[in-house]
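Colleague: I would like to learn how to read a structure that is new to me, beginning with the whole and ending with a few chosen parts. Could you take me through it slowly?

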Amino acid sequence: QVQLVESGGGLVQPGGSLRLSCAASGSSFSINAMGWYRQVPGKERELVAHTRDGVGANYADSVKERFTISRDNTKTTVYLQMNSLKPEDTAVYYCNVYAFTSARGWKNYWGQGTQVTVSS
């Protein structure tokens, strides 16, 4: 089992910045990929950013040049630096990890979600 704990959401004015963090913990797991998704009421959850090795990454077109995904040296924490935030970035942001455990094999794990609200 892999547990994910997110932090860093909140209320910010348009043009502002926020940094989301997601820390993975558990026993004997190996992470292949980490990413961030977001969801607004009435819409499907969408990919925001995704990375396999902390170096290569892909982004939704709507956040390119504004958001940056990164991982720490232990490769168990993923960050999302969000700059030049817009009202349309308002959503619940979810951390996603694709990891292997001996008990469950390869599996997707989700964080609890953190609210990001961009408003003046």
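What follows is a conversation about the overall fold, then one residue, and then two strands with their partners.

Modeller: Please keep in mind from the start that this is a predicted model.

Colleague: Where should I begin, and how many helices and strands are there in the protein chain?

Modeller: A reader can begin by listing the elements in sequence order. Here the protein chain has 0 helices and 11 strands, so that, read along the sequence, its pattern is β-β-β-β-β-β-β-β-β-β-β. The radius of gyration is 14 Å, close to the 14 Å that the globule rule gives for 120 residues, and the chain is therefore as compact as a globular protein of that length. Taken along the principal axes, the C-alpha atoms fill a box of roughly 45 × 30 × 20 Å.

Colleague: What share of the 120 residues is buried, and what share of the contacts links residues 24 or more positions apart?

Modeller: Buried residues make up 41% of the 120 residues in the chain. Of the contacts with a separation of 6 or more, 54% are between residues 24 or more positions apart. As for the outside, the accessible surface comes to about 6400 Å², and 47% of that surface belongs to carbon and sulfur atoms. The chain carries 12 positive and 9 negative charges, whose mean positions are 5 Å apart.

Colleague: Let us turn to a single residue: is H50 buried or exposed, and which residues does H50 touch?

Modeller: For such a residue one looks at its element, its accessibility and its contacts in turn. H50 lies in strand 5, which covers residues 46–51. H50 counts as buried because its relative accessibility is 17%, and the cut-off for that word is under 20%. Leaving aside residues up to four places away in sequence, H50 touches A33, M34, G35, G56, A57, N58 and I69.

Colleague: Why can strand 8 be called largely enclosed, and which strands pair with strand 8?

Modeller: To judge a strand, one can count its buried residues and then look at its partners. Strand 8 spans residues 77–82, and 5 of its 6 residues are buried, so strand 8 is largely enclosed by the rest of the structure. Strand 3, residues 18–26, pairs with strand 8 in the antiparallel sense over 6 bridges, and in this pairing C22 stands opposite V78. Strand 7, residues 67–71, is also antiparallel to strand 8, with 5 bridges, and S70 has Y79 as its bridge partner. Strands 7 and 8 form a hairpin with 5 residues between the strands, in which K75 takes a positive phi near 65 degrees.

Colleague: How many residues of strand 9 are buried, and which strand pairs with strand 9 over 10 bridges?

Modeller: The approach used for strand 8 can be applied again. In strand 9, residues 91–101, 8 of the 11 residues are buried, so strand 9 is largely enclosed by the rest of the structure. The 10 bridges are those to strand 4, residues 29–39, in an antiparallel pairing, where A33 stands opposite Y98. A33 also appears among the residues that H50 touches.

Colleague: What is found when strand 9 is followed to strand 10 and strand 11?

Modeller: Strand 10, residues 105–110, runs antiparallel to strand 9 and is joined to it by 6 bridges, with A99 opposite K107. These two strands form a hairpin that has 3 residues between them. Strand 11, residues 114–118, pairs with strand 9 in the antiparallel sense over 3 bridges, and there Y93 stands opposite T114.

Key: Residues are numbered from 1 along each chain as its sequence is written. This is a predicted model: local features need pLDDT of at least 70, side-chain atom pairs count only at pLDDT 80 or more; totals for chains, interfaces and linings use all residues. Side-chain values use heavy atoms; hydrogens and water are left out. Helices (H or I, at least four residues) and strands (E, at least two) are DSSP runs, numbered from the N terminus. The radius of gyration is taken over C-alpha atoms; the globule rule is 2.2 Å times the number of residues to the power 0.38. Buried means under 20% relative accessible area, exposed over 50%, partly exposed in between (1.4 Å probe, protein chains only). Contact means heavy atoms within 4.5 Å. Accessible areas come from the Shrake-Rupley method with a 1.4 Å probe; for residues, only the protein chains shown count as cover. Lys and Arg count as positive and Asp and Glu as negative; His and the chain ends are not counted. The place of a charge is taken as NZ of Lys, CZ of Arg, CG of Asp or CD of Glu. Two strands pair if DSSP finds at least two bridges between them.
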